[in-house]
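Here are some short exercises to work through with the model open beside you. Try each task on your own before reading its solution.

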Amino acid sequence: MKKQFGYRCEYCEGTVRARRVEREAFKHKSGFVILEKVTIGVCDQCGNRYYSADVLKRVHAIATGKVKPKRTQRVPVAHAV
Ligand SMILES: [Zn+2]
């Protein structure tokens, strides 16, 4: 596997480490896309998350309807009180 993490965090002195997560929500201009079992980069100090170009490409493809999602789930939306 190509090493795509391990670089220095943009916000602190930490190092961005690859982490496989069960689900991650990505904000997109048309809403949110959730990817399951995805490898992302997480800073080992501040916890900032980084996404590879491949992952972002996939989010974009799903958000624009080029790739069909496995399922769609409703997300509750409310105003803050
Ligand atoms: Zn950091």
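**Exercise 1. The turn end of the hairpin**

Task: Find which residue of β2 stands opposite H28.

Solution: Keep in mind that this is a predicted model. The residue facing H28 is G31, in β2. Now step back to the strands themselves: β1 covers residues 16–28 and β2 covers residues 31–43. They form a hairpin, with two residues between them. The two strands run antiparallel, and 12 bridges join them. Moving to R17, you will find that its bridge partner in β2 is V42.

**Exercise 2. From pairs to a sheet**

Task: Work out the order of the strands in the sheet, and say which strands lie at its edges.

Solution: Start with the pairing of β2 and β3, which is antiparallel and runs over two bridges. V42 stands opposite R49 in β3. Between these strands lies a hairpin connection of five residues, where G47 takes a positive phi near 80°. Adding the pairing of β1 with β2, you arrive at an open sheet of three strands in the order β1-β2-β3, with antiparallel pairing. The edge strands are β1 and β3 (49–50), each of which pairs on one side only.

**Exercise 3. Placing the helix**

Task: Determine which strands helix α1 touches, and what angle its direction makes with that of β2.

Solution: Helix α1 spans residues 53–63 and packs on the sheet. The strands that α1 touches are β1 and β2, and its direction makes about 175° with that of β2. For the inventory, the protein chain has one helix and three strands. Read along the sequence, these elements follow the pattern β-β-β-α.

**Exercise 4. V33 and its surroundings**

Task: Classify V33 as buried, partly exposed or exposed, then list its contacts.

Solution: First, locate V33 in strand β2. Next, count neighbours: 19 other C-beta atoms lie within 10 Å, so V33 is partly exposed. The cut-off for a buried residue is 20 or more. Then look for contacts, leaving out residues up to four places away in sequence: V33 touches F26, H28, V59, I62 and A63. Finally, try a distance: the C-alpha atoms of V33 and G14 are separated by 27 Å, with their positions 19 residues apart along the chain.

**Exercise 5. R19 across the strands**

Task: Find what R19 touches and how exposed R19 is.

Solution: R19 has its place in strand β1. Not counting residues up to four places away in sequence, R19 touches T39, I40 and V42. Take I40 as a check: its C-alpha atom is separated from that of R19 by 5.4 Å, although the two residues are 21 apart along the chain. For exposure, R19 has 14 C-beta neighbours inside 10 Å and therefore counts as partly exposed.

**Exercise 6. Two exposed residues**

Task: Explain why K37 and V75 count as exposed, and say where each one lies.

Solution: Begin with K37, which lies in strand β2. K37 is exposed because it has 9 other C-beta atoms within 10 Å, and the cut-off for exposed is 12 or fewer. The backbone of K37 deserves a look too: its phi is near 50°, a positive value in a residue other than glycine. Now turn to V75, in the segment after α1. V75 counts as exposed because it has 9 C-beta neighbours inside 10 Å. The C-alpha atoms of V75 and F32 are 9.3 Å apart, while the residues are 43 apart along the chain.

**Exercise 7. The chain as a whole**

Task: Find what percentage of the residues count as buried, and what the C-alpha trace spans along its principal axes.

Solution: Of the 81 residues in the protein chain, 6% count as buried. Along its principal axes, the C-alpha trace spans about 40 × 35 × 20 Å. To finish, take the contacts between residues at least 6 apart in sequence: 42% of them join residues at least 24 apart.

Terms used: Residues are numbered from 1 along each chain as its sequence is written. This is a predicted model: local features need pLDDT of at least 70, side-chain atom pairs count only at pLDDT 80 or more; totals for chains, interfaces and linings use all residues. Two strands pair if DSSP finds at least two bridges between them. Helices (H or I, at least four residues) and strands (E, at least two) are DSSP runs, numbered from the N terminus. Two residues are in contact if their C-beta atoms, placed from the backbone, lie within 7 Å. Axes are lines fitted to C-alpha atoms, for helices over the stretch in contact, and angles run from 0 to 180 degrees between N-to-C directions.
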